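Reader: I'd like to learn how to read a fold feature by feature. Could you walk me through one?

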Amino acid sequence: MLTLLVEDGRLVVAMKDPANLHALEDLRMVSGYTVSPVVVAASDLRRVFGLLFGKGGEVAELLEEASAEAPREDREDVELREPRGASGAPTVRLVGSILRRAAGDGAPDIHLEPRGAELTVRFRADGVLREVMSVPSALQGGVARLKVLASLDIIERRLSQDDCFSATLDDGKMDLRVSTLPTTFGEKLVLRLLDNADLRAHLRGLGFYRNMLRSYEAVFRRPYGTILVTGPTGSGKSTTLDATLGELNATEKNIVTVEDPVEYRMRGINQVQVNPRTGLTVHSRLSSILRYDPDVVMIGEIRNRETAKTSVEAALTGHLVLATLHTNNAPAAVTRLTDMRVEPFLTASAVDCVIAQRLARRLYERCKRPAEMDENVLCEIGLDRARFAGVEKNVHSAVGCERCAETGYSGRIGGYEIMLVEETLRRLVLQGASADEIGATARKAGMVPLKEDGLAKAAHGITTVEEVLLTVL
């Protein structure tokens, strides 16, 4: 519950459950006002709490208090829920404050980095890291607490570790993935916040143009075949596949995923966790899963020949296979399978579609400003004059304001390159053609290059030219 304003003798409050009459009556008695509730989503309420209470004087006070009591507190257990009142260990409350601020800033990644006499806290929001605070080195015992929660070995500090755990923060529950990295000054921790209340991505909101989405949907609605999504780490490949699974998810379909690790839990989908330490690899689990009559199989990442070959063979035996692969563009994905010693005739027969993608920061609508950019300049950097004539007048630049943390951006938009593997391309794959030859033929058939798709979004005022050139080489 959050108080918004007093209007005409009424106290207006935001709450996720306006039917909670006991809370409304308590508030009426304490405030003396008639209470008028307005409904908000629980995720939005958590973000506002993070913005209000996750920074400022509270953090400074906790740092001072925690610094004084750190030696005594290092033996206490960790509890991430915000303690009621003023009770609770200062370091524990500080961790809660950091998590609330990250949620309020929309930052899914938190970096805790030891740097000699201090522990630096950095957030990655919209793909960009920024420093938010420094914590005295005496408080690095909080790192051990987080390792305990994630079931990591607190004694082992020379090897990297990672695992997940769930935590209650205020009235919301979130999953956190914790990864450790030994550095010169101690262990660095990276926490990824996985808010299960806001994990449903939809293909229509990712950045696909309408004609692209129609072409892609025609492929993933097929009963069998292989769809590959390529790009570097952090380019949104898993989000694209999750959104695709959301479109396919139905009671009449048996959908199974093989992931390392399972980050987002999806209702109605059988998700399988990989654990190499016990011998449960992607290849071994994929081989066993195919015996359980799946209609759709999603593979978190194809990393070796065994997984690649099993994937394409599954597509040829009547399954729809979705997988990610690390290549710079769509045509290179086909030759990458050849490099993994998958026979070209298998690749040509099984692969139906390859998507290459990148993420660019989206301009914040409230503060973006029109930018002067000559049409010739846009053409020089790759924007097709005939297809986008006149849209250069809608190019904008990032300005920045208080609401977007002075960055000028809020959220991200995908740039895509969709290569449909039709008969002409299949013949080239069979002949062992290079990625350049395959790409040239695909462009003649109508494939929009990744860079051109990004620049088109810049030309329509969705992102900036600088951002596209930064993310797409």
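**Rings, sheets and sulfurs**

Author: Let's start with two rings: Y216 is buried, and F220 is buried too. Keep in mind that this is a predicted model.

Reader: How do I describe a pair of rings like that?

Author: In general, a pair of aromatic rings is described by the distance of the centres and the angle of the planes. Here the ring centres of Y216 and F220 lie 4.9 Å apart with the planes at 70°, so this pair is edge-to-face. Both residues sit in helix 6 (residues 210-220), four residues apart, or about one turn of the helix.

Reader: How many aromatic pairs does the structure hold?

Author: It holds three. One of them is F208 with Y216, a stacked pair at 5.9 Å centre to centre with 20° between the planes. F208 is buried, as is Y216. Ring pairs also tie residues into a cluster, made up of F208, Y216, F220 and Y416.

Reader: Let's zoom out. How many helices and strands are there in the chain?

Author: There are 16 helices and 18 strands. Of the 473 residues in the chain, 47% are buried. As for contacts with a separation of 6 or more, 64% of them come from residues 24 or more positions apart.

Reader: Now the sheets. In what order do the seven strands of the open sheet run?

Author: The order is 12-11-13-14-10-15-18, with mixed pairing. Strand 12 (270-273) and strand 18 (409-420) are the edge strands, each pairing on one side only. From one strand to the next, the twist averages 20°.

Reader: Which way do strand 15 and strand 18 pair?

Author: Strand 15 (residues 351-363) and strand 18 pair in the antiparallel sense, over 10 bridges. For a landmark, look for A360, which stands opposite I413 in strand 18.

Reader: What packs on the sheet?

Author: Helix 7 does, touching strand 10 (225-230), strand 11 (255-259), strand 13 (296-299), strand 14 (320-325), strand 15 and strand 18. The direction of helix 7 makes about 165° with that of strand 14. Helix 8 (residues 282-289) packs on the sheet as well, touching strand 11, strand 12 and strand 13. The direction of helix 8 makes about 165° with that of strand 11.

Reader: How far does helix 7 reach from its first C-alpha to its last?

Author: Helix 7 (residues 237-248) has 12 residues and reaches 17 Å, close to the 16 Å expected at 1.5 Å a residue. Its buried residues are K237, T240, L241, D242, A243, T244, L245 and L248.

Reader: I also see an open sheet of three strands. What is its order?

Author: That one runs 1-2-3, again with mixed pairing. Strand 1 (2-7) and strand 3 (34-39) are the edges, each pairing on one side only. The twist averages 30° from one strand to the next. Strand 1 and strand 2 (residues 10-15) pair in the antiparallel sense over five bridges, and L5 stands opposite V12 in strand 2.

Reader: And what about side chains along a strand?

Author: In a regular strand the side chains alternate between the two faces of the sheet. That's handy to remember as you trace any of these strands.

Reader: How do I read a hairpin?

Author: Look at the bridges, then at the turn. Strand 4 (residues 109-115) and strand 5 (residues 118-125) run antiparallel, joined by seven bridges, with P114 opposite L119 in strand 5. They form a hairpin with two residues between them, and G116 in the turn has a positive phi of about 75°.

Reader: What does strand 5 do with strand 6?

Author: Strand 5 and strand 6 (residues 128-136) pair in the antiparallel sense over eight bridges. V121 stands opposite M133 in strand 6. Their hairpin also has two residues between the strands, and D126 takes a positive phi near 55°.

Reader: Last one: why do C401 and C404 form no bond?

Author: The sulfur of C401 is 3.7 Å from its closest cysteine sulfur, the one in C404, and that is too far for a bond. The cut-off here is 2.5 Å between sulfur atoms, and by this rule the count comes to zero disulfides. C404 is buried, with a relative accessible area of 8%.

Methods. Residues are numbered from 1 along each chain as its sequence is written. This is a predicted model: local features need pLDDT of at least 70, side-chain atom pairs count only at pLDDT 80 or more; totals for chains, interfaces and linings use all residues. Side-chain values use heavy atoms; hydrogens and water are left out. The expected span of a helix is 1.5 Å times one less than its number of residues. Buried means under 20% relative accessible area, exposed over 50%, partly exposed in between (1.4 Å probe, protein chains only). Two strands pair if DSSP finds at least two bridges between them. Axes are lines fitted to C-alpha atoms, for helices over the stretch in contact, and angles run from 0 to 180 degrees between N-to-C directions. Contact means heavy atoms within 4.5 Å. Rings of Phe, Tyr and Trp (its six-membered ring) pair if their centres lie within 6.5 Å; planes under 30 degrees apart count as stacked, over 60 as edge-to-face and the rest as tilted.
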